[in-house]
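Work through the exercises below with the model open. Try each task before reading its solution.

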Amino acid sequence: MGYTVVPPNSIIELHCLPNLQWCSRQVSLQHGVVNNHRTQFYSQLRDLGAGRNVSLKCRGLPGNVCIDRVNEVDQDEWSSESHVLAVNKKLRGLTITKKSHDPSLPSSDGPFVENDEKTNNKILQNFCSRGKLTDASKLIDIMARRNQIPDFHFCINLIRGLIRIDRIEKASKVLQIMVMSGGVPDTITYNMMVGGLCKRGQIRSAIALLDEMSVSGCEPDVITYNTILRTMFDNGKFKQAIGFWKDQLRKGCPPYLITYTILIEQVCKQCGIARAIEVLDDMAIEGCSPDIVTYNSLVNFSCKQGKYDDAVLVINNLLSRGMEPNSITYNTLLHSLGSRGCWDAVDKILDIMNEASHSPTVFTYNILINGLCKYGLVDRAINSFNQMVSKNCQPDIVTYNTVLGALCKEGMLNEALQLLHLLNGSSCSPCLITYNTLIDGLAKKGCMEKAMVLYGQMMENGISPDDITHRTLIWGFCRADQVEEAVDLLKEIGKRGNKMRNSAYRLVIHGLCKSKKVDMAIQVLELMISSRYKPDDTVFSTIVKKVADDGMTEEAYKLWQKLIEWKVFEKGTTLLA
């Protein structure tokens, strides 16, 4: 990426300078003996179905340094001389003396060619602060031809601004002038430039810029490499990406594990596990060895694809390097197998975890219990719960809520209430989800008295009910033909200043009309109007029409007349209007 800077009476041809190399950190490989009985078990996974992936992604974004009020208009011509003079009047103590034009100088340079370096830098600052990016970049070009050094701070801001408005060529030129003038752009600016080139698909230019970074005194970082690698993969250049990273390692690039993991992930997605393991081994020769995060990423991907034989390949490669699977590795397998009901394999993995001194954690048990509950195996879920307590692995609120949800779904309300009592006596306090789960289960069974006890208990414990809590209770009252209790609850909710959705009011009004309690239904309508939530007239007409459609025409008429009386509708309008 070379540009020609022409001082007076001379021409200098610029060339890209070769990249400098720095010492690389060598990562030693450890080799161990594969555990035979574990490997035999892993081989049994080959006959299993699909799994779940938790992919790792790393995205780096450049810093948010910007130019004030960027209102750039793409101009290829300089502003008129009167505009330049008007701009200069705003600069305190700064004047431009218009001298006779030298025919040997380009006519497009205007009066700036006569200014000294300090004056032009003040004008440059003004252009940048006003978002005049094209004018600022042309001024820097003039300063370069006059052997004047532009202010590097404004150069950086200008480069970033030009990149943001997709003026990559102009940004490149300003960057080159800055570097040749002795300036050192920061990593953020370089990364923005690399990102802009990659966005355009100009991968070669991005690599060339990366090579020039160290020459200018600014080393590339992990974001620089990640940006280029992702662009290569997005454009289907898999071999080029692998070769690029190998080349960078040989030049002395630090073996960034994040970049390495991204590379392996992408190879895995595009070319399969076998190829990813080959690349993994090749990179180890170059001094970039995988860590457990890299292996877990491959296990995640294999489980998502349901290719447990691939997961076995990954784990065997891990063991051959003297490494051990960690809790995340095991939990990933448990989640995948449990979500498919492969409980025998799940039990074997739990046995392996205990043998490998990786006792199941609360997160492990949560995965196991959640899978069992989804399959309706509540008894086994409760056994797992009791097992974790017996092993001094304290359940958390996720564990309790999972089991409570399964118990309520199966109608085992007494057991659910007993578990809530156990929860109250532990170091883990019930939360809003806990109470909502139980209240919903009780409401569906018509146990509204017990539901209201829990409702009062949660408020005593300082937990505020939400819209779900209230809608569940109102629905339960109406379903149990206890509409008057639903009205009392609506009034209580209104006194506390809580909002309710239209559906709750509509449900109560409909239930009251069905019970021939029109006067109370009118009270609910009035409560609805007086609440902080004021619906439009279509909501009221929908409520009345629903009552009429269900054969309660007399009740609907009374409601309609009352709405007209309250001036919700104009006098003379009809229900069918």
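Buried means under 20% relative accessible area, exposed over 50%, and partly exposed in between, with a 1.4 Å probe and protein chains only. This is a predicted model, where local features need pLDDT of at least 70, side-chain atom pairs count only at pLDDT 80 or more, and totals for chains, interfaces and linings use all residues. Residues are numbered from 1 along each chain as its sequence is written, and side-chain values use heavy atoms, with hydrogens and water left out.

**Exercise 1. The core**

Find the residues that touch the most other members of the largest nonpolar core, and state where this core lies with respect to domains 1 and 2.

Solution. Start with the rule: a nonpolar core is a set of buried Ala, Val, Leu, Ile, Met, Phe, Trp, Tyr and Cys residues joined through side-chain atoms within 4.5 Å. The largest one has 155 residues. Ile228, Trp245, Leu263, Met283, Ile474, Val508 and Leu559 touch the most other members. The core lies between domain 1 (113–183) and domain 2 (324–429), because both give residues to it. These bounds come from an automatic or database domain assignment.

Next, take Trp245. Leave out residues up to four places away in sequence, and count contacts as heavy atoms within 4.5 Å. The partners of Trp245 then include Leu263 and Met283, and also Cys253 and Cys288.

**Exercise 2. The cysteines**

How many disulfides does the model have?

Solution. Apply the cut-off: a pair of cysteine sulfur atoms within 2.5 Å. The count is zero. Check Cys431: its nearest cysteine sulfur belongs to Cys428, 7.9 Å away. Cys431 is partly exposed, at 24% relative accessible area. Cys342 has 17% relative accessibility, so it counts as buried.

**Exercise 3. Salt bridges**

Which residue forms a salt bridge with Lys562, and in which helix do both lie?

Solution. Look for a side-chain nitrogen of Lys or Arg within 4 Å of a carboxyl oxygen of Asp or Glu. The structure holds 21 such bridges. Lys562 pairs with Glu565, with 3.3 Å between the closest N and O atoms. Both lie in helix H28 (residues 553–565), three residues apart, about one turn of the helix. Helices are DSSP runs (H or I, at least four residues), numbered from the N terminus. Now compare accessibility: Lys562 is partly exposed at 21%, while Glu565 is exposed at 53%.

Then check another pair. Lys251 bridges to Asp247, also at 3.3 Å. Asp247 is partly exposed, at 32%.

Finish with a network: salt bridges link Asp141, Arg145 and Lys173.

Methods
Helices (H or I, at least four residues) and strands (E, at least two) are DSSP runs, numbered from the N terminus.
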